[in-house]
Amino acid sequence: MAIHGTCDPRYAEVHEEFERNFEERGEVGASVCVTIDGDTVVDLWGGTADPTTGTEWKQDTIGHVWSCTKGATALCAHVLASRGELDVNAPVVKYWPEFGAKGKEGVLVRHLLTHTAGLPALRAPLPGGALYDAAAMAGRLAAEEPFWEPGTRQGYHALTFGFLVGEVVRRVSGRGLGTFFRDEVAGPLGLDFWIGLPEEFERRVAPTIPAPPPSPGASLPTFYQRAFTDPASIQALVIGNTGGYMLTPGETDSRAAHAAEIGAVGGITNGRGLAGLYRPLAVGGGLVSPDQLAMMGSVAAATQVDAALLVPTRWTLGFMKGTDNRHLPGPDSEGVLLSEDAFGHSGMGGSLGFADPVPRLSFGYSMNLQGPGLGVNERGQSLVNAVYRTLGYQQAHGGLWYL
């Protein structure tokens with residue numbers, strides 16, 4: 001498999017693991033990018049972007065990075081907070097009065113960012129294409145009754161996060177999430193990263209390849225087991241009540257899906273875009289103030305059993321922290337192994353972007369073949385591990401990294 005791009009010789013192990021992903025771990029098409037001190041030390045891509053046409057993965061290939069989008073959406077909120085326009089400790093109704101219905105008047109902006117607002121799904125059946133209308137989704141969520149008392153439990157808001165935080169961004173800034181992200185983040189940073197992809201770039205998108213079904217005798221993550229066996233569960237609503245977005249084959253790669261501003265899962269970019277998003281956060285400047293950056297990297301919520309994902313999770317105000325779930329059985333053991341200083345977000349199937357301010361590191365990995373777990377699978381984790389080893393870090397019993 002031909003690997004293209006550049007790699008500083010000091011980071012040769014990243015190049016080697018990227019090759020191994022194709023040779024030994026089933027990678028189809030992918031990109032990885034690493035920056036240190038703001039300088040790009042790894043920028044690699046390779047493989048096949050679209051197996052049906054044989055199109056190769058090129059330097060400008062982009063793809064669906066799923067929940068990595070949440071990091072971009074959270075950053076938009078922090079930009080406003082850093083400017084003094086948004087108070088993350090204020091009630092949401094200060095900015096979005098209609099949100100106070102059904103007992104939500106006490107929900108704080110920080111509850112939206114930490115997945116503790118009690119709105120991981122909607123109960124009423126959604127019409128086809130519902131996720132493509134951000135304003136309508138915000139209205140439905142404003143009228144929804146929480147699944148638990150806000151602030152008392154943590155449960156991953158897999159698809160609702162972007163409509164909740166995105167509406168706050170819209171109310172404060174007067175611009176839709178995709179427009180604000182383009183004007184205030186992606187544009188100034190020169191990122192090929194989109195929440196609402198212009199049609200002119202559609203030809204560069206690598207279609208998502210769903211994870212293969214489990215082999216005979218293999219188990220699914222507990223989240224999916226619950227979703228497929230208990231139709232009244234939160235998990236079933238998260239997967240099934242999406243207006244066809246999650247369960248209709250090919251729908252997430254439709255032009256309508258790519259064009260929509262789905263701030264939880266709809267972002268389109270590549271490894272370079274993800275690393276570029278976190279680059280200014282890794283070096284401590286640019287988009288937010290130092291005190292805001294400290295909040296972005298500090299744990300704000302953690303639980304042993306996430307009410308939606310059913311595994312341990314840890315969050316800052318909008319970003320994922322490293323979590324070692326290897327003690328759990330089967331596919332639930334998949335987490336994301338970073339250093340304690342790092343923060344970022346993974347995406348369904350294994351994509352990942354994060355910043356680590358201590359080594360002044362930013363990282364981005366994207367691919368078209370999804371893995372079956374809930375975290376970062378061996379392909380992405382092997383690249384992360386190679387970076388940390390090169391930087392002189394060690395792993396605590398094979399788990400989180402430390403100096």
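Leaving aside neighbours within four places in sequence, which residues is leucine 75 in contact with? They are Val185, Leu277, Leu281, Leu287, Val288, Met296 and Phe319, where contact means heavy atoms within 4.5 Å.

A word on the model first. This is a predicted model, in which local features need pLDDT of at least 70 and side-chain atom pairs count only at pLDDT 80 or more, while totals for chains, interfaces and linings use all residues. Residues are numbered from 1 along each chain as its sequence is written, and side-chain values use heavy atoms, with hydrogens and water left out.

**The core**

Leu75 and Phe363 touch the most other members of the largest nonpolar core, which has 112 residues. Such a core is a set of buried Ala, Val, Leu, Ile, Met, Phe, Trp, Tyr and Cys residues joined through side-chain atoms within 4.5 Å; buried means under 20% relative accessible area, with a 1.4 Å probe and protein chains only. Helix H2 gives the most to this core, with nine residues. Another core, of six residues, lies apart from it and includes Ile62, Trp194, Leu197 and Ile268.

**Two helices**

Helices here are DSSP runs of H or I with at least four residues, strands are runs of E with at least two, and both are numbered from the N terminus. The expected span is 1.5 Å times one less than the number of residues.

| Helix | Residue count | Expected span | End C-alpha distance |
|---|---|---|---|
| H6 | 13 residues | 18 Å | 17 Å |
| H10 | 12 residues | 16 Å | 16 Å |

In both H6 and H10, the expected span agrees with the distance between the end C-alpha atoms. H6 has a kink of about 35° centred on aspartate 183; the bend is the angle between axes fitted to the seven residues ending at a residue and the seven starting there. Among the buried residues of H6 are Phe180, Phe181 and Val185, and their cover includes helices H2, H5 and H10.

H10 is mostly covered, with 10 of its 12 residues buried. Asparagine 270 caps the N-terminal end of H10, placing a side-chain oxygen 3.2 Å from the backbone nitrogen of arginine 272. Glycine 284, with a positive phi near 80°, follows H10.

**A small sheet**

Three strands form an open, mixed sheet in the order S6-S5-S7. S6 and S7 stand at the edges with a single partner strand each, so one side of each has no neighbour in the sheet. S5 and S7 pair in the antiparallel sense over two bridges, and pairing requires at least two bridges found by DSSP. Glycine 63 stands opposite threonine 269 in S7.

Definitions and conventions
Buried < 20%, exposed > 50% of the residue type's maximum accessible area, 1.4 Å probe, protein only. Polar contact = N/O pair within 3.5 Å; in protein donor to acceptor, adjacent residues only side chain to side chain.
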